[in-house]
Amino acid sequence: MSETVDTIDAEQEDGAEAAEAAEAKPGGDDDSLVREGDIAGDYLERLLDLLDYDGDIDLDVEAGRAVVSIDGGEDLEKLVGPRGTVLESLQELTRLAVQQETGSRSRLMLDIANWRADRREELKELGRSTAESVKANGERVRLQPMSPFERKVVHDAVATVDGVTSESEGEDPKRRVVIFPED
């Protein structure tokens, strides 16, 4: 796999494909990101009202993207779904709502019931521990298929361990991280 493809894959954190990443602006100014967050917050608030779910919506700007979090309601786990599948879909719908309002593609990140934050920590540990294992025994390891968000977190964790490297292989939705010793 080429280094360019690995780099693009490693830079994708949110379920977007390489074409989307190329089209998206590399972050906007804080005012436009705050506006994206406001639009997303309004959209998600209407959704919660329609579902009659409780939740507190928090808007932030981190690393050149708007971040919207919904916390506090008992039913919110239903909006995450198995392995975050419903969350990914809601994130895409929210991005489309923002795009419709602003006219430009959004890189907004959505987290519900702290699922992404918790999953990020699990994946960091998986990446580090698997990289240490590969370093110790010299055998490559292929992880289970993951979303681009999940692969990005694992690639970043593997990069902290000297003597090993990682790349992604396969096609979505079966794209996975492979960790192997450096030559």
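Two strands pair if DSSP finds at least two bridges between them. The exercises below apply this to a predicted model.

**Exercise 1. Describe the overall make-up of the protein: how many helices and strands are there, and in what pattern do they follow one another along the sequence?**

Solution. Begin with the count, which gives six helices and six strands. Next, read the elements along the sequence, where the pattern is α-α-α-β-β-α-β-α-β-α-β-β. Then turn to burial and surface: buried residues make up 40% of the 183 residues, and the accessible surface comes to about 10,200 Å², of which 46% belongs to carbon and sulfur atoms. Finally, consider the contacts with a separation of 6 or more, 65% of which are accounted for by residues 24 or more positions apart.

**Exercise 2. Work out the sheet formed by strands 1, 2 and 3: what is the order of the strands, and which of them are edge strands?**

Solution. Step one is the order, which is 1-2-3 in an open sheet of three strands with mixed pairing. The edge strands are strand 1 and strand 3, each of which pairs on one side only, and from one strand to the next the twist averages 20°.

Step two takes the pairings in turn. Strand 1 and strand 2 pair in the antiparallel sense over seven bridges, with E62 standing opposite R65 in strand 2. Helix 4, residues 85-102, packs on this sheet and touches strand 2 and strand 3, its direction making about 140° with that of strand 3. Strand 2, residues 65-71, and strand 3 pair in the parallel sense over four bridges, and here I70 stands opposite I112 in strand 3.

Step three looks at the side chains of strand 3, residues 109-112: M109 and D111 point one way, L110 and I112 point the other way, and all are buried.

**Exercise 3. Characterise D58: in which strand does it lie, and which residues does it touch beyond four places away in sequence?**

Solution. First locate the residue, which lies in strand 1. Its relative accessibility is 45%, and D58 therefore counts as partly exposed, given that this class runs between the limits of 20% and 50%. Once residues up to four places away in sequence are set aside, D58 touches V67, V68 and S69. A further separation can be read from the C-alpha atoms: D58 and G37 are 21 residues apart in sequence and 8.9 Å apart in space.

**Exercise 4. Work out the sheet that contains strands 4, 5 and 6: what is the strand order, and which helix packs on the sheet by touching strand 4, strand 5 and strand 6?**

Solution. The three strands form an open sheet in the order 4-6-5, and the pairing is antiparallel. The edge strands are strand 4, at 141-142, and strand 5, at 164-169, each pairing on one side only. Strand 5 and strand 6, the latter spanning residues 176-181, pair over six bridges in the antiparallel sense, and the bridge partner of S166 in strand 6 is I179.

The helices come next. Helix 5, residues 115-137, packs on the sheet by touching strand 4, strand 5 and strand 6, and its direction makes about 35° with that of strand 6. Helix 6, residues 148-158, lies across strand 5 and strand 6 and runs at about 160° to strand 5.

**Exercise 5. Examine the backbone in the loops: which two residues are joined by a cis peptide bond, and what is the phi of A63 and of A113?**

Solution. The cis peptide bond joins D172 and P173, with omega about 10°, and P173 lies in the loop between strand 5 and strand 6. For the phi values, take A63, which lies in the loop between strand 1, at 56-62, and strand 2; its phi is near 50°, a positive value in a residue other than glycine. A113, found in the loop between strand 3 and helix 5, likewise is not a glycine and has a positive phi of about 55°. To compare their surroundings, A63 is exposed with a relative accessible area of 79%, whereas A113 counts as partly exposed at 22% relative accessibility.

**Exercise 6. Survey the aromatic rings: how many aromatic pairs does the structure hold, and over which rings do the charged ends of R116 and R140 sit?**

Solution. Ring centres must lie within 6.5 Å to pair, and the structure holds zero aromatic pairs. Turning to charges, the charged end of R116 sits over the ring of F149, 4.9 Å from its centre. The charged end of R140 sits over the ring of F180, 4.9 Å from the centre of that ring.

How values were computed. Residues are numbered from 1 along each chain as its sequence is written. This is a predicted model: local features need pLDDT of at least 70, side-chain atom pairs count only at pLDDT 80 or more; totals for chains, interfaces and linings use all residues. Side-chain values use heavy atoms; hydrogens and water are left out. Rings of Phe, Tyr and Trp (its six-membered ring) pair if their centres lie within 6.5 Å; planes under 30 degrees apart count as stacked, over 60 as edge-to-face and the rest as tilted. A charge sits over a ring if NZ of Lys or CZ of Arg is within 6 Å of the ring centre and within 35 degrees of the ring normal. Helices (H or I, at least four residues) and strands (E, at least two) are DSSP runs, numbered from the N terminus. Contact means heavy atoms within 4.5 Å. Axes are lines fitted to C-alpha atoms, for helices over the stretch in contact, and angles run from 0 to 180 degrees between N-to-C directions. Buried means under 20% relative accessible area, exposed over 50%, partly exposed in between (1.4 Å probe, protein chains only). Accessible areas come from the Shrake-Rupley method with a 1.4 Å probe; for residues, only the protein chains shown count as cover.
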